[in-house]
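The following explanation leads through a molecular structure by way of its helix packing, followed by individual residues. It may be read alongside the sequence and the coordinates.

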Amino acid sequence: AYECDIASDGLQAITAASQQDYDVIVMDWNMPNCDGLTATRRIRELEREKGCRRCPIVGLSANVGPGPLQACLEAGMDDLASKPIKQAELVERITRFLQQNA
């Protein structure tokens, strides 16, 4: 069984990632207060500052294609999925990262 924490915005996502070690983070591109790209960059900075392992981050966006994918990868995300996303596809993407980090 998996447990899930929900952040309402990018700032909450940064705070949560700084306080807990997650196996995978699913990050929406468009969030209030701090977008997903900025939040991802900050989480990567925190990981480097703390010297902890790199948590896989799967981005979600209604805007996908080569440009958005490149922006996500440059921000530090590991993958980008298109919204709306089917549950089975999201589970497959998350499982792939969990297996890589097992």
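In this predicted model, the axes of α2 and helix α3 (residues 66-75) come within 8 Å and cross at roughly 25 degrees. Angles under 35 degrees count as roughly parallel, and α2 and α3 are therefore roughly parallel to each other. On the α2 side, the contact is made by L37, T40, R41 and R44, and on the α3 side by A71, C72 and A75. Sorted by class, the residues of this contact comprise 4 nonpolar, 1 polar and 2 charged.

Helix α2 (residues 36-50) also packs against helix α1 (residues 10-19): their axes come within 9 Å, with a crossing angle of roughly 20 degrees. By the criterion of an angle under 35 degrees, α1 and α2 are therefore roughly parallel to each other. The crossing in which α1 passes α2 is right-handed. From α1, the residues G10, A13, I14, A17 and S18 take part in the contact, and they meet A39, R42, I43, L46 and K50 of α2. This contact of α1 with α2 divides into 6 nonpolar, 2 polar and 2 charged residues.

Within helix α2, E47 deserves separate attention. With a relative accessible area of 9%, E47 falls under the 20% limit and is therefore classed as buried. Which side chain does E47 join through a polar contact of 2.9 Å? The partner is R44, a residue that also belongs to the contact of α2 with α3. In addition, the side chain of E47 reaches the backbone nitrogen of C55, again at 2.9 Å. When residues up to four places away in sequence are not counted, E47 touches C52, R53, R54 and C55.

Two of these residues, R53 and C55, are also in contact with Y22, which is found in the loop between α1 and β1 (25-28). Is Y22 buried or exposed? Its relative accessible area is 16%, and because buried means under 20%, Y22 counts as buried. Leaving aside neighbours within four places in sequence, the contacts of Y22 include D5, A16 and A17 as well; A17 is also one of the α1 residues in the contact with α2. The side chains of Y22 and D5 are joined by a polar contact of 2.6 Å. Y22 and G51, which are 29 residues apart in sequence, lie 15 Å apart in space, C-alpha to C-alpha.

Two features of the backbone complete the account. Most residues other than glycine have a negative phi, and most peptide bonds are trans. N33 has a positive phi of about 70 degrees although it is not a glycine. This residue is placed in the loop between β1 and α2. Its relative accessibility is 61%, and because exposed means over 50%, N33 counts as exposed. The other feature concerns the peptide bond from K83 to P84, which is cis, with omega near -5 degrees. P84 is located in the loop between β3 (79-82) and α4 (87-100).

Methods:
Residues are numbered from 1 along each chain as its sequence is written. This is a predicted model: local features need pLDDT of at least 70, side-chain atom pairs count only at pLDDT 80 or more; totals for chains, interfaces and linings use all residues. Side-chain values use heavy atoms; hydrogens and water are left out. Axes are lines fitted to C-alpha atoms, for helices over the stretch in contact, and angles run from 0 to 180 degrees between N-to-C directions. Helices (H or I, at least four residues) and strands (E, at least two) are DSSP runs, numbered from the N terminus. Angles under 35 degrees count as roughly parallel, over 145 as roughly antiparallel, 65 to 115 as roughly perpendicular and the rest as oblique. A crossing is left-handed if the near helix is turned anticlockwise from the far one by less than a right angle, and right-handed if clockwise. Contact means heavy atoms within 4.5 Å. Ala, Val, Leu, Ile, Met, Phe, Trp, Tyr, Cys and Pro count as nonpolar, Asp, Glu, Lys and Arg as charged, and the others, Gly among them, as polar. Buried means under 20% relative accessible area, exposed over 50%, partly exposed in between (1.4 Å probe, protein chains only). A polar contact is a pair of N or O atoms within 3.5 Å; within protein, one must be able to donate a hydrogen and the other to accept it, and residues adjacent in sequence count only if both atoms are side-chain atoms.
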